[in-house]
Structure formats: C-alpha cells, structure tokens
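Student: I'd like to understand how labels such as "stacked" or "buried" are reached. Could we go through some aromatic residues together?

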Amino acid sequence: MNQPTDFLYIAIILISIGIYGLVVKRNALRLIFSIELIANAVNLVLIAFSRMLPSPQGQVFVLFSIAISAAEVAVGLGIIIIAYRFYKDIDITEYKNLKN
Amino acid sequence: MVEVLGFEGIGISAWLIWMTPFIGAAFIPILRKRSEKIKSYVAVAFSIISALLALSILPLGLSNGEIHSQIPWFSALNIDAGVLADPLAIIMSNLVAWISVAIFVYSISYMHGQRSLIRYWFFMLFFIGSMQLIVLSDNLLMVFFGWEGVGFASYALIGFWYTDRKKDYVGKEGHTAWGIPQWTSPTHAGIKAFLLNRAGDVMMLSGMFMIFMYSGTFGFRELLADQTWAHVMMQQNLLVPAAVLIFGGAIGKSAQFPLNEWLLEAMTGPTSVSALIHAATMVKAGVFLVARIGPLFFALSVFNMNQFFEIVTWVGAITALLLATQAIVNPEIKKVLAYSTGSQIGYMMMALGIAGLSTNFVDGYTAGFFHLISHALFKASLFMAAGAILHTVHSRFMNDMGGLKKNMRKTYIFFLLASLSLASAPLITLGFWSKDAIFASILESNYEFSSYVFLIAVTVAIMTAFYTFRMVGLVFFGKPSQNVVNIENKGHRIREVDKIMWLPFAILAIASIAFGVVGFAFEGQLHHIFATYLASSFGITEDGVVPLEGSEALQSSPELTESDAAITGGSEQDSLELNPFAVVSSVAAFGVGGFLGYLFYIKRIADPEKVSDNVVSKALWKFLYNRWYLNSILYWMGVVIPLAAYRRIYKYFENILMYGINPSVQHSMVVMSRVAKAVQTGNVQTYLYVFSAGIILITMLLLS
Amino acid sequence: MIDIFSTPALVTIILGSVALLIPILDALNKERGAKNKVYSAISFGALALALIVVIYRIFSGENLPAMSLTNTGVIGDDIFGAFFSIAFLIVSIMVTVSSWSYMKKRSNHAAYYSLILLSSIGMILIGYSTDFVMLLVAWELMSIPTYALAAFNKKDPISNEASIKYFLFGALSSAIIVLAMGIVYGLTGTTNIYDSIVAMSQLNPDLIPFGLLAVGLFIAGFGFKMGLVPFHMWLPDTYSGAPTTVATLLAAGTKKAGFAAAIRVIVIGMIALNVHWTFTLAIIAIFTMTLGNLGALTQKSIPRILAYSSIAQAGYILIGLAVAPYSDYGLDASLLQIMNHAVMKSAAFIAAAGVIITLAGYTLEKYKGLGFRMPITAFVFAIALLALAGVPPLSGFWGKYLIFGAAIDSGQTIWWGPYLAIAGILNSALSLGYYAWIIRKMYMEEGENRVRQKEPKSIVAVLLFALGFMIIFGIWYGPLLDLASMAVPNDLIHLISAK
C-alpha cells in the first residue's frame, strides 16, 4: 500500500475528480474546490516522485506549490465575493455577459 | 581621405546634415498652438543647424577629402546604409543648405498670415532632409528613399492651397489647346507632378535593380571597386539600358523632355516653394544624379558608353530649346521663370553629357556643375523677387504689372542683377562664365555632332537673353498697367516689400555678381577641385582613365602619393584656358538676344503685338503658347483615352466580379467568422471542457 | 547562490522595493488618493531604471551567454532573459504611463501600480529562470496580480466576469504546469531545466510516452497564457472585459512571458526528445491563426477585435517556433516578432484606452470619424493596425517576413514548412480585412461631430513613442534582429537535433 506508484494512481483519480468537478459543477466555490483538488493531487504526485527517486527537491517544490496555491485561491475568492455582490448568486452559468 | 565607420568623429556631421531637418519636421507639429513667429523661427533654426553642419565639412571637401561612413542595414541582403560626403556631395550639400536657409528666412515674411503654417514648415523641413539624403547617400537605394521623399514633399507643397481658390491657379482661364484646359488648380498640379515623377521613378527603380541583380550592391564606391557586374551586363547588352533607365529618373525629377510638363503647373505652389524646390534644389537632383553616375559610367571606359552620354546630351539640348521657345511667349512671370529653369537644366545635362563624349571629362563635368551652382544662385533670387512682386501686385500676369521700377527700387535692382546673370551678361555675371564654360566644353569635345549641339546652345542663349529682358521690361518698365492703377486707386501704395523678404534675394543676387566678377578664377578653382576628385576617386584624368590601384590603396600608399604628385604636379595642365570662340559666341548671343529684348520691352520702340501681327508670327505664337501641343498630347494619350478605355473595361468586369464572385467570397468569410465567434458561448464550463479536451488531444497527437 | 549584482537580481530589487513601498506610502496617507500621481511617477521611475540596467548590461561588453543552459543556479543572467526583459519593461512602462490618464477617475491607485510592478517582476524572472521551481514561482508571481488587476473595475460586472474566467483558467493551468514539472522531475530526478533536458534525451524508451505527456501538459499550461487554440477560450472575454490598460499588460506582457517559458522549456526540451513534435505545434499554429483572424472579422467591439487579433498573432509567432529546428533563423524571427508585437499591441490597446477615456465608448460605431475627433490617437492606432497587418515599412512587416521566410526555408527538411508559410500569408491578408475596416471607420466615415477632442496627454506620449518605435525599427530592423539572434543559441539547436 505504501508503494509510491500507488500514490500516483490515487493522484490520477483525484485529478479526474477535479476535472469532472470543473466541467460539470456550476457553483463557483465548487470550481475552486476542484482546482484545489487538482493542485493537491499534483502535490501528491511530486511527493511520490520525491520518495521514489529519492530526492528532496520534490518536497521543496511541494512547499512552494502549497504556498502559491494558497495565495492564488485567496485572490480567487476575493473575486468571487465581488461577483456575488453583483449577481447575488455564484452560479457561473449566470456570468454570460461576455460572449461571442 | 577620411574613411569613417559608423558614427565616429566627423562622420556624425555627415549623418546629422540630413537627419536634422527630419527631426525638425517631426518636432514642428508640437508647436501647433504657438505663435507664428515661434513656428517660423524654430524651422529656420533647424535649417541653419543643418547648414552649419554642412559648412563644417566644407574645408574637407575643398581639399579632396571625403567621409564615407556606413552602418549595416539589411544585413540579410548585405546592404549597408551610409553617407558618402565627397567633394561633389559636400559642395552640393552646402549649396542646398544655404540656399534653403535664405528661402526659409524669406518664407517667414512671404507666408506671413497664412493658415496651416505647420503643414508648410513640416513639408519644407521634410523636403530639405530628403534632398540632403539624396546628396549625401552612398548608395542608390538611400538615394531612392530621398528621391521619394522630395517627390512627396513637392506634391504636398505644390498642392498647398488645396482649397483651389481661383487666384491660386496657374494659366489663363479659358485657355485650351486641342480641348485640353491649360489652366490648372493646385490639387491638379500636385497630382500631375506626382504622376510624372512617378514615371521617372519607375524607370530609375528598374535601372537600379537591374544593376543590383548583377552586382549585389547599390553603393557607388562598391560599384566602382568591383566592375565584374559591368562586364557581364555589357555582354548581355544591358549596361546602357540600365544606365538610361536610371537617367529616366533624372529626367522625371529635373523636368526634362519628355517628362517636363509638370514643372510649369508646379507654379501653383507658394513662390517660396517654387524658389526652393523648383529652382534651386529638387530639379537639380536629377543633375546631381547624373553627376554621381556619370563618372562611374565614364570610368568603365573599357566599354563604349557613348550611347548613354549621347542620350543625356540630346535630352538636355532638346529640352533647352523646347522650353526656351515657350518662355518667349508666356504672359505669367512664374511660368517664364519655370520654363527658364527647365531650359537651363537642359544646359547642365548637355554639359554633363558632352563630358562623357570627350576625352577630357573634367571640363564638361566642371562646366555642368558650375552652371548648376550659378543657376541655383540667380534662379532662387529671381523666384524670390518674383514672389515679392506677386505679393505687391496681387496678380501673376506680367500684363498686370509694369512701371514698378519707380516704387520697388530694391526689388528692381536685384531682379535686374539676377536677370543679367541669367542672360549671361558678359564678364561680370556668374551666369556668363558658367555658360561660357559649357560652350567651351562643347566646342572642345570631339563628339561628331558637337557643332549641332553648339548651335542649339547658342540659339537658346539668344532666346534666354531675349525673354529675360522681356520679363524685366514688362514688369518694371513702361506705363503701369490697369491693374496697378486700380490698386493705387484703392489706396494701397505700390511700395517695396519688407526687409526680411528682400534681403535673401538681394544676397543671392549680389553673390551672383560678386562671384561673377572673379568668375574665371572661380571656375578655375572648381576645375581644379573636380580634376583632383575625379582623378583620385575614379581614375579619370586628362589623358583618359587610369585604373585605380584597388580601394585599400586609396587610403595611403606610396604609389598613390606618387601619382597624386603627378596629378597635382600637372596642375598646370588642368588650369583653364579661355576658348576664344566660346567667349565670342557667348557675348554675341547676349548681344543679339539682349538687344532685341531691350528694344522691344525696355525702350519700347515698337509694340511687339503689332510687329508680330501677321499670319506666320501669329501661328508661331499660338504654337509656342500652346506648349508645342505637347501637354495636350500628353493628356490625350495619358489621361483621356486610357480613362475611357478603363471605364469600358471596368463596367465589363464589374458585372462579373461585383455581382457575381465577390458576394460569395465575402459571404462565406462572414459565415465562417460567425461560426468561429459562436464557439465563444460565454459559459466558463464550456471553456474548461474545451481546455481539457485540448490537453488530451495534444497529448494524443504527440504520442502518435 | 544568486549573484546579487546579476541583472535579474538587481531588477527584482529595484522593482520589488518600489512595489512594496507604494502600499506603505498609501497607508501612511491621511487623505485617500492624495498621492496618486506620485505612485505613477515612482513606478515609472523604477521601471525606467530597471530598463536602463538591463540595456547597460547588454552593452557593457561582458560576454553574456545566449542562454545559460549550463547554469546550476536558479536564474541565469543571459541575453535571452535580457531580451525578454526589455520587451516586458517597455510594455510595463507604456502601461504605467498611460495609466496616469486612464486611472484618473478611479480609485485605489496604490494597489494598481504595485500589482503592475509585481507582475513585471514575475515576467522578467520567467525570462531569466533556469530551474522549474523558479519558473513556477515567477509564473505565479506574474499571474496572481493580473487576476486582481483584471477585476480592478470593482463597480463593473463585466470586469469581474472577465477576471473570473481568467482566474479559473489560470488556476487550472498552473496546476497543470506543476503536474508537468512533476512528471519531468519524476523522470529525470532534477528540477534544473537544462539538466532535465539532457536527462530526457537519454531517457529509457519505455518512459518516453510519459515524457511526451509532460510536454503536452506544458503546451497546455503555457499555451493558456499564449492564447493557443484550444486553450484560448478565456482570452477574448478577458481582454475585452478587463480595464484596457490591464488588457495591454495581458496582451503584450503576459502573453510574451508565456512564449519565453515555452521557448526555454518546450522548444529546447523537445528538441532533446527528438521526436516529431514540431508537427503538433504547426497544427496548433494554423488553428490559432485561423480562428483568431476569423473570429475578429465580424466583431463590433474594438477590444474584442484586438483580443482575437492577439490570438492570431500568437499563431504567427508559433510558426517560428515550430520550424525552429529546421531553419537557421526561425527562433530569431519569432523573438523579433515578439518584441514588435509587444509594442504594436500595446499601442493599439492604449489607443483604445484613450478613446474610452475621451469618448466613453469601445464599439466600432464610436470610432467613426475618429480621424477628426482625435487625430493623434487615430493616426497612431491606424499605424499600429497596419503594422500588425504586416505592411512595410513598419516593424511588423519584418517579423512576419522573416517568420514566413524561415518556414519556407525549412521546406528543405520537412514537407509542411511552406504550407505553414502559405497559411500565414493568407491569414495576414485576411487580417487586413478587419484592420482596414477599422481604419476606414476612423477616417472615411462621419462620426457624431467633427469637434476636436482633448486627447489625454500621457496616452499621447506613449502612442508617439510607439509610433517612433514602429517606424524606426520598421526601416532599420537590424539592431533588433541582432539582439534576437544573440539571445538564441544557433549552434545548440543543430547540436542537439543532430543526435
């Protein structure tokens, strides 16, 4: 169970769930969850490889990645809050002013 | 020899001479809201800076130094941009720069109170920048850029008064010849100038590219150094045609036959424009081009380039004759001056052509260039003075002038001085010496038809003297015309123009006489400068062409200093002697023409109208007045018939294309565009879906 | 360790300190928005200083390597980075100066300028980075401020929507980029770019599909920023929705940063993999060009036209990348076009910004008769459009000419090179359709009136600079091309692809 390759399989599953969530779900917050899911799956991949190689660079990479994701999501959430103020709704299918 | 790479040291001056006016032109529009004074002063300042830079390299030029400075341009094609300031270019550059300064100063007063001065100054500065570019370039491609620049500026300035008010027209209203109206509006004149110049430009471009195909370079010095291209082209009989095509550009720009018709209509522009562009500089660009390529082609003396030089000579001769005859009968002052310009340029071409047909290249070359200098001086002066007269009398017709001698003394004196130079009054005017030089070189060439050329030259000289005195007489002598009387009656006194206007042309007129007094020495100096220049740069000496020892050797080598000594040591050989026959002919021509003109127009012993009141004279007059019907032929062949044909063909194709094919192409494009647009649904999820699908696709594509 | 006096470090310090200083200054302000002009001025000063530093370093005579591929540090001071830094700094300067007018009636200037500076640092570091981790950090440093900037018009729902779409895409592609880097790390054991390239070229054949997966993910991740099809869908909405000066930064700055990263990683990397990957890029290029040009043809809003046009231009640049291994000057031409396009697109967007400020409109109808109402803006806009279309003697012509020339040149080795060039030329002709349409609207149709409007001063200044740039480097493109060739190691390409 602790084989690094198992982690890779889990990561792949998580990524697929994430993509599914991105494409299907309509709530903006759910989209952000999905993105976070994908990001964390990727972190998992990195750690798995770091374990496999073995090399500490992967884990260092993960630290950076976590910090950056946090910053990113912070900004994203801020934008969604403003969106909520406009539409009173965070259903992203409502955001259709720009098209064609 | 100063060989400079890039912009170091003195090389920068040569670059700045042509760049400064362009910078000025870009700068002028910023002064949009400022007063007229500031705009004018800034423009004049830029021209003075450029002129001072030209002056700074003048000593270099007079001592046979040169600046050749290059920077890479189209590195893929191995073409470099560069300036070549050799004695020829330096002298010309100074001439252009300082006459421009004079005319700019004159413009301050002449264009006083005009609207859209920014446009005027912009194009004037753009013009002198382009002109200096032509003069200082070291390769044909940059010359072409400058060529186009002057053409563009000229078109814009000719059509300056584009609102086409009646008083800005040229020609007598209602005058038609074979159905073609002979009076033109500024806009029409601008387009005509542009098109005829274009025809010349196309020829020049073809010639340039022909040479480029065989030589791989546009540079003047490069073409001289390695002459294999010439050998190859000669074998395929392409060398002379290429040279003639380049000369075609000169024909267009210098208003020679058969592209001469635009110069007359160009008089719709402000007189300062006419002075600058159509007397002193742009029309000389063609002569300058011939002066640049003439020695090059002459130095290829292995080949018989006589055909080329013959064409140059005869084009010049025909133009000189053609335009001089028309000047005799024209009633507008600016038009007479325009005809005169074209005719005098014909002289210059004659001289340069004859130079190529003689063993002694230097004489004709010097004569042609000497005439260029002297003509620039007195013609610019005449045009500016004419502008002053136009300002005062408010009419362009000489019949509306008359008797102005009394009230416009200064204008009269300087106009007279410059006219004497134009008519070649003996011994004291520069015009005399330059024309005499041309006569001498024609006589001394051993071209088999030189006597015919000489005959034409003398005839034109007689006519020149005649129409010059006619002009002076009609404007300044006799009784004031009805127009003048009307003006006086309305309360505007006829009086002298202000200082800023008459000082420039006064200076030029006096220069023409001052240099004229020492004319022979002046000519000698010029001859010496050119002899040394041609010998050291092209290997052209009095005894024929000696091959240069390779370009590096030009820098400093013991062999060269020896031959240099031989050349300068032989300076006794290249000093001038007066050709007595030429001198006598010049004086005689002036005498005959001048005397006739004097009799009829100054002394007014007889009314020219009555003297010529017979069938033959009337027919001749009509023929000349209608410009030998050449203008009409040009319009019929170039405008009326093609336009009619074009309309027929257009209608035919319109039916097919417009209402057939075009809508379908257009329609399909629009449909495709709508499809492309429709993909953007606005829904993020669609986007994300496409993104993911895209990743998968790309990966699959890569893996395949 | 990073040499503190190397160019990227210096630039980061200069820009970073000012970026952090501005919010502090703002916090110390008693009165809201008192010192807005100061912020603009010091941002401009910092950017100008950084530009001078970069240019000085190039000409200081030191032998900078073309691409410091053997560097084991995280950033390498090379001409490649310097070239892109110049482009980014010019764009940032243009954005900052034009923002002086654009932001006049808006609030929160301190955050705005600070974010622009931070984003610029990110872009510059992308050009200089030699390590994947550094690349990721720089990438995010560039992107995150732009998410906030795109939503800067807090009162405008359109701006918000633009930013949401941008953010979602951006976050997703960041994750994908990290995934790709992870896979490469897993295959090669190192995060240094060059080392991993070398290792990839010696990869166990079984693992090559994973390598290609990584490459595909990289193309997706970087392609999002570059606006390649099919990763472009956010672009028209975001460029037209965001505040126009921000759109400039996006179109001219971040897009080019995507190319910088792509060249460092994908092109050089994929050469090592020695597999027929260029064909994929060629296909993407054709789709990108065509969709961009077709989409622009019937648009009614100027920023949207410019957005689609950006997509198409990215396609042209990609052609150069696609034929890079087969042609001597493919990459040089792409770099040249990158620099040119940065300036041309900035000029176009900033002209549009000028119109929005003065006439409060961005539809094509509002542009009618602009030639009379805002002559300078209209003129420079027209020149920029012609330059984008590739009309000589403007700078855009040379970029396109060289790219298509490289494509034709590569026909000696691969069959599809000349077809790429033909597609490119046809697309250029097509693009002239809508560019000329805009120019026609501006000059040959009558607007509401003929009254001369007052054009915002700083925008005019920026436009005149761009005008000079386009014309001068249109006539004399030599220096730019030389710099581009210095930035790309020619021999390296042949060296690796000869394997």
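Tutor: Gladly! Keep in mind that this is a predicted model. Let's begin with Phe122(B), whose relative accessibility is 24%.

Student: Why is Phe122(B) called partly exposed?

Tutor: Partly exposed covers the range between under 20% and over 50%. At 24%, Phe122(B) falls in that range, so it counts as partly exposed.

Student: And what makes the pair of Trp433(B) and Phe520(B) tilted?

Tutor: Their ring centres are 5.7 Å apart, and pairing asks for centres within 6.5 Å, so they pair. The planes stand at 45°, which is neither under 30 degrees nor over 60, so the pair is tilted.

Student: Where do these two partners sit in the chain?

Tutor: Trp433(B) is in helix 18 (residues 430–444) of chain B and Phe520(B) is in helix 22 (residues 519–538) of chain B. With their positions 87 residues apart, the pair links distant parts of the chain.

Student: How do you know whether Trp433(B) is buried or exposed?

Tutor: Its relative accessibility is 7%, and buried means under 20%, so Trp433(B) is buried.

Student: What does Phe520(B) count as?

Tutor: Phe520(B) has 29% relative accessibility, between the two cut-offs of 20% and 50%, so it counts as partly exposed.

Student: Which residue has Arg106(C) over its face?

Tutor: That is Tyr102(C), with Arg106(C) at 4.3 Å from the ring centre. In chain B, Arg221(B) lies over the face of Phe538(B), at 5.6 Å from the ring centre. Phe538(B) also belongs to a cluster linked by ring pairs, with Phe530(B) and Tyr533(B) among its members.

Definitions and conventions. Residues are numbered from 1 along each chain as its sequence is written. Chains are lettered from A and ligands numbered from 1 in the order in which they are written. This is a predicted model: local features need pLDDT of at least 70, side-chain atom pairs count only at pLDDT 80 or more; totals for chains, interfaces and linings use all residues. Side-chain values use heavy atoms; hydrogens and water are left out. Buried means under 20% relative accessible area, exposed over 50%, partly exposed in between (1.4 Å probe, protein chains only). Rings of Phe, Tyr and Trp (its six-membered ring) pair if their centres lie within 6.5 Å; planes under 30 degrees apart count as stacked, over 60 as edge-to-face and the rest as tilted. Helices (H or I, at least four residues) and strands (E, at least two) are DSSP runs, numbered from the N terminus. A charge sits over a ring if NZ of Lys or CZ of Arg is within 6 Å of the ring centre and within 35 degrees of the ring normal.
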